[in-house]
Amino acid sequence: MYRDIINQLVKMYQESQLDNHISVYDGRKSLFTTRVLPFNSKVFVVNLTDENRGSTSDSFDWKKREREFKVTIQFSSKTDLYHLTQFLRRMQPDCPYETIQALDIALRATPSE
């Protein structure tokens, strides 16, 4: 359900609020974008329509239920590929796990779309 909410949010606000930045969602609580968004924190209202079958086994009527969700997007951190490059060249001792995680999510999200 979380993916549906985020997909609807991106569809609704891609051009107006998200400045056409490409975004990927990790399925939990993080949304990664290609560039910094034009705000530090913002609340979005997303309406999601569910279609559920009737409760009785005889009826095949479909009920549409629209639910409203409030999603807050807040700037958390900026990943830098420079540290990953330095690590791969063995010029930096510690591994930049956050950068690797962001790349992993981006690469996994593309085939699923």
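Helices and strands here are DSSP runs, with at least four residues for a helix and at least two for a strand, numbered from the N terminus. By that count, this predicted model has a protein chain with three helices and four strands. Going along the sequence, the pattern reads α-β-β-β-β-α-α.

Now for the chain as a whole. Its 113 residues include a buried portion of 27%. The accessible surface adds up to about 9,000 Å², and carbon and sulfur atoms hold 49% of that. Among contacts with a separation of 6 or more, 42% link residues that sit 24 or more positions apart.

Next comes the inside. The largest nonpolar core has 15 residues, and the ones touching the most other members are Ile5, Leu9, Leu18, Phe39, Phe44, Val71 and Ile73. Two or more core residues come from each of α1 (2-13), β3 (41-53) and β4 (62-74), with α1 giving the largest share, five residues. Leu9 shows how this part of the chain fits together: leaving aside residues up to four places away in sequence, Leu9 touches Gln14, Leu18, Phe44, Val46, Val71 and Ile73.

Then there is Asp26, found in the loop between β1 (23-25) and β2 (31-33). Asp26 counts as buried because its relative accessibility is 13%, and the cut-off for buried is under 20%. A polar atom of the Asp26 side chain lies 2.9 Å from the backbone nitrogen of Arg28, and the backbone nitrogen of Lys29 is 3.2 Å from a polar atom of that side chain. Again setting aside residues up to four places away in sequence, Asp26 touches Arg3, Phe32 and Ile105.

Terms used
Residues are numbered from 1 along each chain as its sequence is written. This is a predicted model: local features need pLDDT of at least 70, side-chain atom pairs count only at pLDDT 80 or more; totals for chains, interfaces and linings use all residues. Side-chain values use heavy atoms; hydrogens and water are left out. A nonpolar core is a set of buried Ala, Val, Leu, Ile, Met, Phe, Trp, Tyr and Cys residues joined through side-chain atoms within 4.5 Å. Buried means under 20% relative accessible area, exposed over 50%, partly exposed in between (1.4 Å probe, protein chains only). Contact means heavy atoms within 4.5 Å. Accessible areas come from the Shrake-Rupley method with a 1.4 Å probe; for residues, only the protein chains shown count as cover. A polar contact is a pair of N or O atoms within 3.5 Å; within protein, one must be able to donate a hydrogen and the other to accept it, and residues adjacent in sequence count only if both atoms are side-chain atoms.
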